[in-house]
Amino acid sequence: MRTLFAKILLWFWSTVAIVVIGSAFVSALSMSRNASDSGSPVARLVRFQLEEARVAYETGGGPALVAFLDNVRKIYHAQGILTDERGRDLVTGANRGDLIGRARRRPPFQFCSTGSDMIALAADDGRYWFFYLVSRERPGSWFLTPDHLFMMLIAVLFCYWLALEITKPVRALQKAVERFGRGDLSARVNSTRRDELGQLARTFDRMAGRIETLLTAERRLLLDISHELRSPLARLGVAAELARSGDDLDSALNRIQKESDRLNSLVGQLLQVTRAEGDPNSLRRNRLRLDELLRQLVDDAHIEAAARGCSIDYTRADPVTVEGDPELLRRAVENVLRNAIRYSPREALIEVSVARNDGKAVVDVRDHGPGVPDEALPRLFDPFYRVETDRDRASGGIGLGLSIARRAIELHKGAIRARNAHPGLEVEMELPAAEGPA
């Protein structure tokens, strides 16, 4: 038996069979004890027949006794034998001394080798013995009746259904594990059961989801890194050659410094992406006032905004508390705010607000820049994605800021959306609000 199904089926059926056979055996022993008990219904019936047979014999002789025993045979489908104290059959005259000997050695309820159950009872005065024999249709009928066999068949069918019901989710989990092991990271069980097997399946689904997230992020990160490092490294090589040639050394060194700074910034943001793409269970869970965090970020960003000739207006600041990783939330909002500053025209206003709405904390950042094409909105939060008109990098962006913001917000069970405000771009971040003080 190598399959769990066969083991479960055999163990359950064996248990039911033992219970049924044991119950039948106990019932048989109970009948035997009842027969030996003078107050049991069986013993009273046999004693009544003994007295009736005795009266029939003493009043009508042999013919009356034969008539009585015939009635016993017709009514009870059993054979009655009446003997004297020496064991002589009062009907046939045969010697039944062996029956008397067996009855004296064993309890009144006997299991005869002839296929009959026998009850022997002596008269109170010892003058007569009455033997009551009930024939069995087949050996063992006292033990297992057709009703017992029918119930065992029902038990087999029930055990088969039970084993199938138990092993079905196990087989589904096995198939999902095999698919996952072959590289299909989308393999899931999607069990709706509420028992331990359902919990096991959902645990596997969560594990598979986390592994898929980590591996997908790792693959995407490697592809993005190889793509993004190629251009700075190529420009560094050119600048190094110019420096060696001695022509315009200052310009070459400035280029090397600029590309080094760009690579350093790229590595730093890639580390942020790696942290944001990591295990959600490793996040810190602190209560913080989102409105106060946003005010700090606005105050810090005023210098950068002034350098670009624009200004920031903190239009609304509802007191709202959220629960999450302060550093990730700070980075998410800061990236959105710096993105608005980067693409805001001179003398334009950047509007920032935070409000509480239906149990949600909603942060809204709007600039008055050119906005983005509508077809670019769905990809705006993808890693390394930049709108075509900005690929000259005059703005200094490398396309990771909004991607980090989206992942950080999603790790906190929130959502981030962007839409054209005509003019400008409006980014809305939504987080679950927490009750109580920070």
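Throughout these views, "buried" stands for a relative accessible area under 20%, "exposed" for one over 50%, and "partly exposed" for anything in between, using a 1.4 Å probe and protein chains only. The model shown is a predicted one, in which local features need pLDDT of at least 70 and side-chain atom pairs count only at pLDDT 80 or more, while totals for chains, interfaces and linings use all residues. Residue numbers run from 1 along each chain as its sequence is written, and side-chain values rest on heavy atoms, with hydrogens and water left out.

**Helix α8 and its N-terminal cap.** Let us begin with α8, which covers residues 326-343. Helices here are DSSP runs of H or I with at least four residues, strands are runs of E with at least two, and both are numbered from the N terminus. The 18 residues of α8 reach 26 Å from first C-alpha to last, close to the expected 26 Å; that expectation is 1.5 Å times one less than the number of residues. At the N-terminal end, D325 acts as the cap, with a side-chain oxygen 3.0 Å from the backbone nitrogen of E327. A polar contact is a pair of N or O atoms within 3.5 Å; within protein, one must be able to donate a hydrogen and the other to accept it, and residues adjacent in sequence count only if both atoms are side-chain atoms. Among the buried residues of α8 are L329, V333, N335, L337, N339 and I341.

**The largest nonpolar core, with I350 in view.** A nonpolar core is a set of buried Ala, Val, Leu, Ile, Met, Phe, Trp, Tyr and Cys residues joined through side-chain atoms within 4.5 Å. The largest one has 46 residues, of which L290, I312, L337, I350, V352, V365 and L380 touch the most other members. At least two residues each come from α7 (290-307), β6 (311-317), α8, β8, β9, α9 (401-411), β10 and β11. The biggest contribution is that of α8, with 8 residues. Now look at I350: leaving aside neighbours within four places in sequence, its contacts include C310, I312, L337, A340, I341 and V365, a contact being heavy atoms within 4.5 Å. A second, separate core holds 17 residues, including L50, L65, V72 and F130.

**Two edge-to-face aromatic pairs.** Rings of Phe, Tyr and Trp (its six-membered ring) pair if their centres lie within 6.5 Å; planes under 30 degrees apart count as stacked, over 60 as edge-to-face and the rest as tilted. The structure has 3 such pairs. In one, Y57 meets Y128 edge-to-face, at 6.4 Å centre to centre and 75 degrees between the planes. This pair links distant parts of the chain, with Y57 in helix α2 and Y128 in strand β4 (residues 128-135), 71 residues apart. Y57 is partly exposed at 25%, whereas Y128 is buried at 5%. In another edge-to-face pair, F180 and F204 sit 6.1 Å centre to centre, with 80 degrees between the planes. F180 belongs to helix α4 (residues 146-181) and F204 to helix α5 (residues 196-245), so the pair ties together parts 24 residues apart in sequence. F180 and F204 are both buried.

**Salt bridges, from a helical pair to a network.** A salt bridge is a side-chain nitrogen of Lys or Arg within 4 Å of a carboxyl oxygen of Asp or Glu, and the structure holds 20 of them. R73 and D70 are joined at 2.8 Å, N to O. Both lie in helix α2 (residues 41-76), 3 residues apart, about one turn of the helix. R73 is partly exposed at 41% relative accessibility, as is D70 at 30%. Elsewhere, E426 and R419 meet at 3.4 Å; E426 is buried at 16%, while R419 is partly exposed at 34%. Shared partners join R417, R419, E426, E428 and E430 into one network of salt bridges.

**Backbone features in two loops.** Most residues other than glycine have a negative phi, and most peptide bonds are trans. In the loop between β10 (415-420) and β11 (425-434) lies P423, joined to H422 by a cis peptide bond with omega about 5 degrees. H422 also has a positive phi of about 50 degrees and is exposed at 67%. Phi of D358 is near 55 degrees, again a positive value in a residue other than glycine. D358 lies in the loop between β8 (349-357) and β9 (360-366), and is exposed at 75%.
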